[in-house]
Amino acid sequence: MRKGKGLLYDYLAAHGGTAIYSLEDPVLAEMATERFGRDTAGSTVGYTAADFGISAAVSAGGSDKLILSTDRGAVQTRMAGAYNVANVAAALAVGDYFGIALPQALEAVAAYEPDNNRSQVAVSADTGNTLYMDAYNANPSSMAAALDNFLGLPGAERKVLILGDMRELGDFSTEEHRAIVERLAAVIPQAECYLVGPEFMKALPEPGDGMRVFPSADALAEAIKRGDAVIRNSHILVKGSRGMALEQLYPLL
């Protein structure tokens with residue numbers, strides 16, 4: 001992922017573009033410093049969440065939606081996950097660059113309705129489950145952020161993780177999936193884990209304590225239908241790369 005962003009920065013620097021980046025991300029800050037200078041055609045705009053009056057963020061209420069604390073008051077969003085503060089700040093920075101006034105930009109953030117498996121929350125009356133649907137994409141950093149946020153949510157008696165493969169990691173894939181498995185082992189029995197995909201199959205060849213692994217979403221769906229995997233009255237995080245098609249599990253959950 002760093003290589004991909006580096007290539008984007010290289011292009012912007014060479015072709016007079018502007019890189020808008022978070023000063024709170026040391027990797028992005030370092031990359032911008034390395035690539036943009038007096039001898040490059042491009043420019044940079046660095047920002048922090050505090051630049052837009054954001055002082056804190058919490059997930060609260062029955063649906064655990066993100067609430068931003070700003071110097072203009074609380075901003076209730078429709079997104080799940082405190083990790084979305086970084087995404088909100090990025091959106092505000094881009095808006096500011098193009099001349100969008102902050103009050104209007106915050107109104108747009110509050111009105112934004114996530115879809116496409118991005119930070120969505122759904123409650124099922126049939127199963128008693130609360131789904132945190134974030135299966136549009138996945139990489140090691142976004143997986144870690146989603147896990148931290150989900151495991152830190154209060155009030156859920158039973159937590160279930162359904163995690164799909166993180167695709168396009170190249171030579172680092174096996175290493176990164178093993179790191180996730182090791183991390184999950186430390187949270188058992190705080191959460192029950194269902195891992196999906198060939199990379200997780202390599203990382204966890206045999207089921208572990210509180211962890212089960214399936215070759216595909218189809219295989220997990222069949223286990224749920226047969227009653228081999230019973231997931232009810234739970235808070236469930238569904239996270240994985242789009243290619244894993246984890247969304248097919250939603251009707252069963």
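S173 is a residue of helix α6. In this predicted model, S173 has a relative accessibility of 8% and therefore counts as buried, the limit for that class being under 20%. Leaving aside residues up to four places away in sequence, S173 touches M166 and E199.

Helix α6 also takes part in a link to another helix. The helix spans residues 173–187 and contains R183, while D148 belongs to helix α5, residues 140–151; the pair therefore ties together parts that are 35 residues apart in sequence. The link itself is a salt bridge between D148 and R183, in which the closest N and O atoms are 2.0 Å apart. Neither partner falls in the buried class: D148 is partly exposed because its relative accessibility is 48%, and R183 is partly exposed because its relative accessibility is 28%.

Further salt bridges occur elsewhere, and the structure holds ten of them. Side chains of opposite charge can pair when their charged atoms come close. One such pair consists of E113 and R78, with the closest N and O atoms 3.0 Å apart. This pair links distant parts of the chain, 35 residues apart: E113 sits in the loop between α4 (102–111) and β6, and R78 sits in strand β5, residues 73–80. With a relative accessible area of 46%, E113 is partly exposed, and R78, at 37%, is partly exposed as well.

Another salt bridge joins R35 to E34, where the closest N and O atoms are 3.4 Å apart. R35 has a relative accessibility of 23% and so counts as partly exposed, since the buried class requires under 20%. The structure also has a network of salt bridges with shared partners, which connects D10, E34 and R35.

The account now turns to the sheet. Six strands make up an open sheet of mixed pairing, arranged in the order β6-β7-β11-β8-β9-β10. Its edge strands are β6 (120–123) and β10 (211–214), each of which pairs on one side only. From one strand to the next, the twist averages 15°. Strands of a sheet pair through backbone hydrogen bonds, either parallel or antiparallel.

Strand β8 shows this pairing on both of its sides, since the order of the sheet places it between β11 and β9. Toward β11, strand β8 (residues 159–164) runs parallel to residues 235–239, and five bridges join the two strands. Within this pairing, K159 stands opposite H235 of β11. Toward β9, strand β8 is again joined by five bridges, and these two strands also run parallel. Here L161 stands opposite C193 of β9. Strand β9, residues 192–196, is mostly covered, with four of its five residues buried.

A further residue to consider is M201, which is placed in helix α7, residues 198–203. M201 has a relative accessible area of 30% and is therefore partly exposed. Apart from residues up to four places away in sequence, M201 touches V213, F214 and P215. Two of these residues, V213 and F214, fall within the range of the edge strand β10 (211–214). M201 and R212 are eleven residues apart in sequence, and their C-alpha atoms are 9.6 Å apart in space.

In another part of the chain, N84 lies in helix α3, which covers residues 84–97. N84 is buried because its relative accessible area is 4%, and the buried class covers values under 20%. The side chains of N84 and N87 are joined by a polar contact of 2.8 Å. Not counting residues up to four places away in sequence, N84 touches L66, M79 and S119. One of these, M79, falls within the range of strand β5, residues 73–80, which also holds R78, the salt-bridge partner of E113.

Finally, the confidence of the prediction deserves attention. The mean pLDDT of the chain is 86, and 94% of its residues reach 70 or more. Among the elements of the chain, helix α8 (residues 217–226) has the highest mean pLDDT, 95, whereas strand β3 (residues 54–60) has the lowest, 66. Where pLDDT is low, the predicted coordinates should not be read in detail.

Technical notes
Residues are numbered from 1 along each chain as its sequence is written. This is a predicted model: local features need pLDDT of at least 70, side-chain atom pairs count only at pLDDT 80 or more; totals for chains, interfaces and linings use all residues. Side-chain values use heavy atoms; hydrogens and water are left out. Two strands pair if DSSP finds at least two bridges between them. Axes are lines fitted to C-alpha atoms, for helices over the stretch in contact, and angles run from 0 to 180 degrees between N-to-C directions. pLDDT is the predictor's confidence in each residue, from 0 to 100. A salt bridge is a side-chain nitrogen of Lys or Arg within 4 Å of a carboxyl oxygen of Asp or Glu. Buried means under 20% relative accessible area, exposed over 50%, partly exposed in between (1.4 Å probe, protein chains only). A polar contact is a pair of N or O atoms within 3.5 Å; within protein, one must be able to donate a hydrogen and the other to accept it, and residues adjacent in sequence count only if both atoms are side-chain atoms. Contact means heavy atoms within 4.5 Å.
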